[in-house]
Amino acid sequence: MSLDKLKLSKPLIAAMTDAGFLTPKEIQAKTMSRILGGQDVIAVGPEGSGKTTTYVLATLMKLKYAFEEAPRAIILVPDAEHVDHVLEQFKLLNRNNTFRILGIDSRGAVDTQMNEITDGCDIIVAVPDRARALYLKLALNTNKIQLFIVDNAELIIKKGLQLPVVELAKSAYKSQHVVFTEVLHEKLNHMISPFMKDSTATIEVDEIGEKQAEVYQQMLYQVPNFRTKLNLLTLLLSDVEFFDKVVVFVNTRLTAQTVYKNFNHTNEEEYSIYRSLFFDDKGYDDIEDFKANPEARVLIVANENLTDLDIQGIPFIIHLELPEQKETLIQRIVKHNDEEVVAITFSTDIELIEVKKIEQAIGQRMDLMELPEDLKIVDAASKPKKKKGTEEEDTSERGAAFHEKKASNLKNYNYSAGTKAKMTYKNKKGLS
């Protein structure tokens, strides 16, 4: 496909060609006509798929002419580094500095930024909390905003900046709204639902890189929070016969301690910690001792200050928490021989972005597993209450502590967690 298919102006096509962009990316081909047509759009695509270039081109096309007093486009990004990146993209494509583009973040003084805005600008690229502060000081006029763009929305949520995004979007009530993100999940939908129109189009580009290496079977469980992760881990590992030797990875030694205390230690040898914080907890300083003990079934390992750990020969690897560096997880799941290993990852909505980066790096999707029906899904916003004067829980409040099952999840059968894992595991191996 040629750039002409994007229906850009001749100066923009020339700027794209000079910058080395000779053909449009898939996300540009799928979203540009909708954005230029005025539709609200949610665009989902991995890093490097061309999201930034897409909205830079769309902004320059929609504004058409420059030099008005109030800004007509605002782009919200998660941090100062992203502000710099977007400004560079505008500099690359905004030939002859046709539009006045202003970057707003915490590095500048508020008073200085107020003066810069009131002097006049066409496009603002800002972090949400500083943009909101300027709006509340009446320096940022949103009445003429035509295009309201949220970029890297998943990172904005990770930083807890949902409130300023929603307030600014509602203030720019006449504008078109466009959201770019690497992942789409419940928290993101909760942020954008107050201002996205019912006619919003969701465009997803599911690019995956070249397969880099052979990896073990990958299983992914998506859960709302850490407490539910613990419930799921306990449920899975209750199948003693199937999960006979397991390494569970967490990020810190303190978390390892929390996970260890969560289990019912009827057999002191069954659960243990690798290099425990406390001497009175069952632990191993050498993983070979864990492998050699037939009664030792689950070893909890913290990524904190962890050097190379030989986990070969252990059939189940569970990442309860995603490590800070994706390479840490990847090197554990790369096949070194023909042994059968299942690698299981638990992820919350916030961690999904890291899952996507891992999938991109290995060139393979993880198998998304259905949550067991008997899993207790904890609602962090509420807790079950006890009746006054009794030790019993108030059953009228219990529903607030757990999500109701979706209609699609209601079945007339109920496999245990271990049975589901066995079925998936056997299917992968081609066993009946």
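Guide: Welcome! A helix here is a DSSP run of H or I with at least four residues, and helices are numbered from the N terminus. Just after one such run, H14, glycine 363 takes a positive phi of about 70°. Please keep in mind that this model is predicted.

Visitor: Thanks! What makes residues 352-362 count as a helix, H14?

Guide: A helix needs a DSSP run of at least four residues, and H14 covers residues 352-362, so the run qualifies. The protein chain has 16 helices in total, along with 15 strands.

Visitor: Which residues of H14 are buried?

Guide: They are Leu352, Ile353, Val355, Ile358, Glu359 and Ile362. To earn that word, each has to fall under 20% relative accessible area. The cover over these buried residues includes helix H7 (153-158), strand S8 (217-222), helix H13 (326-333) and strand S14 (342-347). Across the protein chain, 49% of the 432 residues count as buried.

Visitor: Glutamine 360 is in H14 too. Why is glutamine 360 called partly exposed?

Guide: Its relative accessible area is 25%. Buried would require under 20% and exposed over 50%, so glutamine 360 belongs in between, as partly exposed. If you are browsing the model, look at glutamate 47 as well: its C-alpha atom is 9.1 Å from that of glutamine 360, although the two are 313 residues apart along the chain.

Visitor: How do you know that contacts in the protein chain join residues far apart in sequence?

Guide: Take the contacts between residues at least 6 apart in sequence: 75% of them join residues at least 24 apart.

Visitor: Now to the surface. What makes leucine 277 fit for a patch?

Guide: Patch members need over 30% relative accessible area, and leucine 277 has 39%, so leucine 277 passes that cut-off. The value also lies between 20% and 50%, so leucine 277 is partly exposed. You can find leucine 277 in the loop between strand S10 (271-274) and strand S11 (283-284).

Visitor: Which residues form the nonpolar patch, and how much area do they have together?

Guide: Leu254, Leu277 and Phe278 form the patch, with about 290 Å² of accessible area together. The protein chain as a whole exposes about 21,700 Å², and carbon and sulfur atoms supply 48% of that.

Visitor: One last stop: what is the volume of the second largest pocket, and which residues are closest to its centre?

Guide: The volume is about 470 Å³. Of the 23 lining residues, the closest to the centre are Leu306, Leu309, Thr328, Gln331 and Arg332. H13 gives the most to this lining, with three residues.

Definitions and conventions. Residues numbered from 1 in each chain as written. Predicted model: local features only at pLDDT ≥ 70, side-chain atom pairs only at ≥ 80, totals over all residues. Heavy atoms only, no water. Patch = residues over 30% accessible without salt bridge, like charges linked within 9 Å, V, L, I, M, F, W, Y side chains within 5 Å. Areas by Shrake-Rupley, 256 points an atom, 1.4 Å probe, with all protein chains shown as cover. Salt bridge = Lys/Arg side-chain N within 4 Å of Asp/Glu carboxyl O. Helix = DSSP H or I, 4+ residues; strand = E, 2+ residues; numbered from the N terminus. Buried < 20%, exposed > 50% of the residue type's maximum accessible area, 1.4 Å probe, protein only. Contact = heavy atoms within 4.5 Å. 1 Å grid on protein atoms, 1.4 Å probe; cavity = no way out; pocket = protein on both sides within 12 Å on 5 of 7 lines; lining within 4 Å. Points joined across faces, edges and corners; volume = space filled by probe spheres on them.
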